[in-house]
Amino acid sequence: MNYAYIRVSTNVQTVQNQKLAIREYARYHRLTKITWISETISGTKTPEKRKLGELLNSVQKDDTIIITELSRLGRSLMMILDVLQMLLEKGVKVIAIKEG
């Protein structure tokens with residue numbers, strides 16, 4: 001299954017640029033049936049306090065999570081690495097569009 005995770009920190013920000021980038025990526029790579037997870041919450045909150053935590057619990061081997069950039073997963077390098085390690089152990093592919 002393909003998931004798109006988009007996050008902004010405040011209500012003043014918009015997720016439209018992230019949606020557009022992921023839609024273009026999906027169209028180019030012919031990815032269909034994407035489940036969108038969108039939230040407005042600070043990246044300093046632990047994944048368990050965000051919709052990201054629910055996503056991490058529900059993904060399965062061979063699923064794919066598409067994000068625009070790694071910073072959408074967390075504010076600190078350690079938080080991002082922890083999330084990536086968890087996904088690696090579950091066999092979930094992560095595509096960070098801006099990071100290639």
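Strands are DSSP runs of at least two residues, numbered from the N terminus. In this predicted model, Val8 belongs to one such run, strand E1. The relative accessible area of Val8 is 5%, so this residue counts as buried, the cut-off being under 20%. Beyond four places in sequence, Val8 touches Gln13, Thr14, Val15, Gln18, Glu39, Thr40, Ile41 and Arg72. The C-alpha atom of Val8 is separated by 8.4 Å from that of Ser38, a residue 30 places away along the chain.

Gln18, one of the residues touched by Val8, is found in helix H1. With a relative accessible area of 9%, Gln18 is also under the 20% limit and is therefore buried. A polar atom of the Gln18 side chain lies 2.9 Å from the backbone oxygen of Arg7. The contacts of Gln18, leaving out residues up to four places away in sequence, are Ile6, Arg7, Val8, Thr68 and Arg72. Arg72 thus appears among the contacts of Val8 and among those of Gln18.

Helix H1 runs over residues 16-28. Its 13 residues should span 18 Å at 1.5 Å a residue, and the end C-alpha atoms are 18 Å apart, which agrees with that expectation. The buried residues of H1 include Gln18, Ile22, Tyr25 and Ala26. These residues lie on the same side of H1 because they cover an arc of only 95° around the axis. An α-helix has 3.6 residues a turn, so residues three or four places apart point the same way. Packed against the buried residues of H1 are strand E1 (2-8), strand E2 (34-40), strand E3 (64-67) and strand E4 (93-96). On the face turned away from the buried side, H1 carries the exposed residues Asn17, Arg27 and Tyr28. Arg30, which follows H1, has a positive phi, near 55°.

Ring interactions were also examined. The structure holds 0 aromatic pairs. A charge is nevertheless placed over a ring: the charged end of Arg23 sits over the ring of Trp36, at 5.4 Å from its centre.

Helix H3 comprises 14 residues, 77-90. From its first C-alpha to its last, H3 reaches 20 Å, close to the 20 Å expected at 1.5 Å a residue. Met79, Ile80, Val83 and Leu87 are buried in H3. The arc that they cover around the axis is only 100°, which puts them on the same side of H3. The cover over these buried residues includes helix H2 (51-58), E3 and E4. E3 and E4 also pack against the buried residues of H1. The face of H3 turned away from its buried side carries Leu77, Met78, Asp82, Leu88 and Glu89, which are exposed. H3 is followed by Gly91, where phi is positive, near 80°.

The segment after E4 contains Glu99. At 47% relative accessibility, Glu99 counts as partly exposed, because this value falls between the 20% limit for buried and the 50% limit for exposed residues. Glu99 touches Thr68, Glu69 and Leu70, not counting residues up to four places away in sequence. Thr68 is also listed among the contacts of Gln18. Glu99 and Asn17 are 82 residues apart in sequence, and their C-alpha atoms are 16 Å apart in space. Asn17 is one of the exposed residues on the face of H1 turned away from its buried side.

Technical notes. Residues are numbered from 1 along each chain as its sequence is written. This is a predicted model: local features need pLDDT of at least 70, side-chain atom pairs count only at pLDDT 80 or more; totals for chains, interfaces and linings use all residues. Side-chain values use heavy atoms; hydrogens and water are left out. Helices (H or I, at least four residues) and strands (E, at least two) are DSSP runs, numbered from the N terminus. The expected span of a helix is 1.5 Å times one less than its number of residues. Buried means under 20% relative accessible area, exposed over 50%, partly exposed in between (1.4 Å probe, protein chains only). The arc is that of the directions from the helix axis to the C-beta atoms. Contact means heavy atoms within 4.5 Å. A polar contact is a pair of N or O atoms within 3.5 Å; within protein, one must be able to donate a hydrogen and the other to accept it, and residues adjacent in sequence count only if both atoms are side-chain atoms. Rings of Phe, Tyr and Trp (its six-membered ring) pair if their centres lie within 6.5 Å; planes under 30 degrees apart count as stacked, over 60 as edge-to-face and the rest as tilted. A charge sits over a ring if NZ of Lys or CZ of Arg is within 6 Å of the ring centre and within 35 degrees of the ring normal.
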